[in-house]
Number of protein chains: 2
Amino acid sequence: MKLVENSLGRLVPTEMDGRKLTPFQGAFADPLAKGHRAAPPVPQSHPLHEGGEKKVLKNIKQAIKKTGLKDGMTISFHHHLRNGDYVVDMVVDACAEMGIKDLTLAPTALFPCHEPLIEHIKSGVVRNIQGSMNGPVGKFVSYGNMPTCAILRTHGGRVRAIEDGDLHIDVAFIAAPCADDYGNANGVYGPSACGPLAYGAIDAQYADKVVVVTDNLVRYPCLPISIPSTDVDYVVEVDKIGDPNLIISGTTRITRSPARLYIANIAAKFIKESPYYRDGMSFQTGAGGISLAVTKQLGDYMREDGIRAAFINGGITQFAVELFHEGIVEKLLDGQVFDTKAIASFRDDLWHCETPMTMYANIHSKGCLVNKQ
Amino acid sequence: MKLVENSLGRLVPTEMDGRKLTPFQGAFADPLAKGHRAAPPVPQSHPLHEGGEKKVLKNIKQAIKKTGLKDGMTISFHHHLRNGDYVVDMVVDACAEMGIKDLTLAPTALFPCHEPLIEHIKSGVVRNIQGSMNGPVGKFVSYGNMPTCAILRTHGGRVRAIEDGDLHIDVAFIAAPCADDYGNANGVYGPSACGPLAYGAIDAQYADKVVVVTDNLVRYPCLPISIPSTDVDYVVEVDKIGDPNLIISGTTRITRSPARLYIANIAAKFIKESPYYRDGMSFQTGAGGISLAVTKQLGDYMREDGIRAAFINGGITQFAVELFHEGIVEKLLDGQVFDTKAIASFRDDLWHCETPMTMYANIHSKGCLVNKQ
């Protein structure tokens, strides 16, 4: 393996599994910023005229056939259903039963519920994973049990890789809590409601073929539209896309641990003492017991000091929604939500808006919101 | 000029101004459906770190310089400000003053207010126009006074041409009634409010450089987002982007002419007698005295017969909004709105949603809404 020194003096490989690697060249260097974006194939509209093809298919296997999914291809998934997701296993199981192998999975994230993938890695159905891996799959892969090197990217980095053509998706499977027969989809209605579908937007735009998988087919047009029919080839209705109790994250209660509360307390105080604590500020806290405690305490400080934030950048929780409804925070920008109150606010509040991942943190966009925090 | 026979037996040229033409081959033939979409250059995010470039520029001329706009390039505009638009003239005047010539204009539509363009065609600043031309410019060009052949495309056809690379836009100028300093923009707040910015969305996605022009710069983040900061290079604040009285269309009153009312009456009756008149139906009527009368009468029929429409496809008017608020129409899909009540509904109602032109009628999308009407 050939090694070169990067700008931090660390030796790094120049190639891995046949993939050329670019050494780190500094925080604001951008050696990949050249050339043009990936260009998806020109699709044709489904006119639904006499004899025209309908988008709704009978099941996942029919979708696999229709999309031409074959050995060695890359398939993608979003993780809005978190540890309650049924769709990843459903699709990979079907691929295995159909004898497809050497797949690359490109999920935005995997969770403990995806443990069955381990058997598919062992049997050769899955050859590579490019995406976050929480739980057993992550552990299995970390111990060197996958034949290829896993690639973990940031949320924004994944969008960049797709847009720039470094990560080509052959077929994207988009779990949708609500969809119509033409593929318009959102995450705010139905038994598996999860909020935005922001992680899946880039997959829908750039994958060669796009399949929406839903357990809640509604009359056209499904509104609001997170994933547009213009990006969708097929729609599959299944019994359940996930387990509602596990879709809602387990980390949405404020911690009661004194040690953690202490950490939250000094974190909130640190923010209050920093120059960023001012009218028009913004912050991002997400879920997890400590983060929630910080959100709440920061809100208390702001109420006391008469300071109003311009926005919170999600993941959004009920504690963020409470500050928003109280007027302490003016707007909510949201890539994912973590509890039912946050889903309701995302669904109903005009200034609680979805931010696709390119808007969140794509360095090769013309300006993403992390630059404005 | 070489002529060939198209599928309707009509002789048509195979080339015009050096541009290869494809003869019509039938309603559902699609000879252009091949290859890949256009691939815009990979942009770099504006990180706004120490010394980083800000997006807000002083004026239009600075934007012309920064974008590298030169002789022979193509610049584009949307027509949401209709006959009240100031931005087209503002930009082309500035180009003329800077000595730029041989421009191709690619507006979605021009109106009588754009009459000053005639002088710019005569003087060689403008060499070609690709877009609808209502009023004096249309008349001038129709009489053969432009050195090249104008190209008129449908709303959906224009999107297809841009996406497929047949119409390359060098710089898009996007008039925005509301925008922030990072380029997020909408059309629902401010003195020049016009509703959606749906015509400009494709320009923002595919143009090499994108300039938002606004008379209402608000604190980041500007919500809702019709044009995202991720597509925008520069923002220019000007005194006024348009005349509010002329942005609102003049054709938003129901006709009082007996002849026109008679036409409306038989049109509405015809719809009522057709097999398309049923629960879950949809329709598109737009503005204009007769259309408005049809909308109203169709609503009366539906109320009487207990029939509910799934959606109206915009342009949306107050008469459509009234049916929607009454529950006779379930949802509104909207590419443009024609009056202040419709703007308010578009701004405030969750099921009154923006449809970019690719969603409206792009034959090379994976399914647009005109197929579902």
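**A tour of two interfaces**

Begin by selecting both chains of this predicted model and displaying the boundary between them, where 69 residues of chain B are in contact with 69 residues of chain A. The area buried between chain B and chain A is about 5,600 Å², and carbon and sulfur atoms give 60% of that area.

Next, turn to the charged side chains at this boundary, across which eight salt bridges are found; one to select is the pair R219(B) and D279(A), whose side chains meet at 3.7 Å, N to O. Polar contacts between chain B and chain A come to 26 residue pairs, both residues being at pLDDT 80 or more.

Now colour the elements of chain B that supply at least two residues each to the side touching chain A, namely β14 (209–214), β17 (309–313), β18 (329–334), α11 (340–348) and α12 (357–361). Of these, β18(B) gives the most, with four residues. By class, this side of chain B comprises 34 nonpolar, 16 polar and 19 charged residues.

Then hide chain B and split chain A into domain 1 (3–26 + 53–247) and domain 2 (258–372), whose C-alpha centres lie 27 Å apart. Here 21 residues of domain 1 of chain A are in contact with 18 residues of domain 2 of chain A, and the buried area is about 1,600 Å², with 61% from carbon and sulfur atoms. On the domain 1 side, select R82(A), P196(A) and A198(A), which lose the most area to domain 2 and together make up 28% of what that side buries.

Across this domain interface there are zero salt bridges, although eight residue pairs are in polar contact, both at pLDDT 80 or more. Finish on helix α5 (residues 155–163) of chain A, which gives the most to the domain 1 side, with six residues.

Key:
Residues are numbered from 1 along each chain as its sequence is written. Chains are lettered from A and ligands numbered from 1 in the order in which they are written. This is a predicted model: local features need pLDDT of at least 70, side-chain atom pairs count only at pLDDT 80 or more; totals for chains, interfaces and linings use all residues. Side-chain values use heavy atoms; hydrogens and water are left out. Domain bounds come from an automatic or database domain assignment. Contact means heavy atoms within 4.5 Å. Buried area is the accessible area (1.4 Å probe) that two parts lose on being put together, summed over both. A salt bridge is a side-chain nitrogen of Lys or Arg within 4 Å of a carboxyl oxygen of Asp or Glu. A polar contact is a pair of N or O atoms within 3.5 Å; within protein, one must be able to donate a hydrogen and the other to accept it, and residues adjacent in sequence count only if both atoms are side-chain atoms. Ala, Val, Leu, Ile, Met, Phe, Trp, Tyr, Cys and Pro count as nonpolar, Asp, Glu, Lys and Arg as charged, and the others, Gly among them, as polar.
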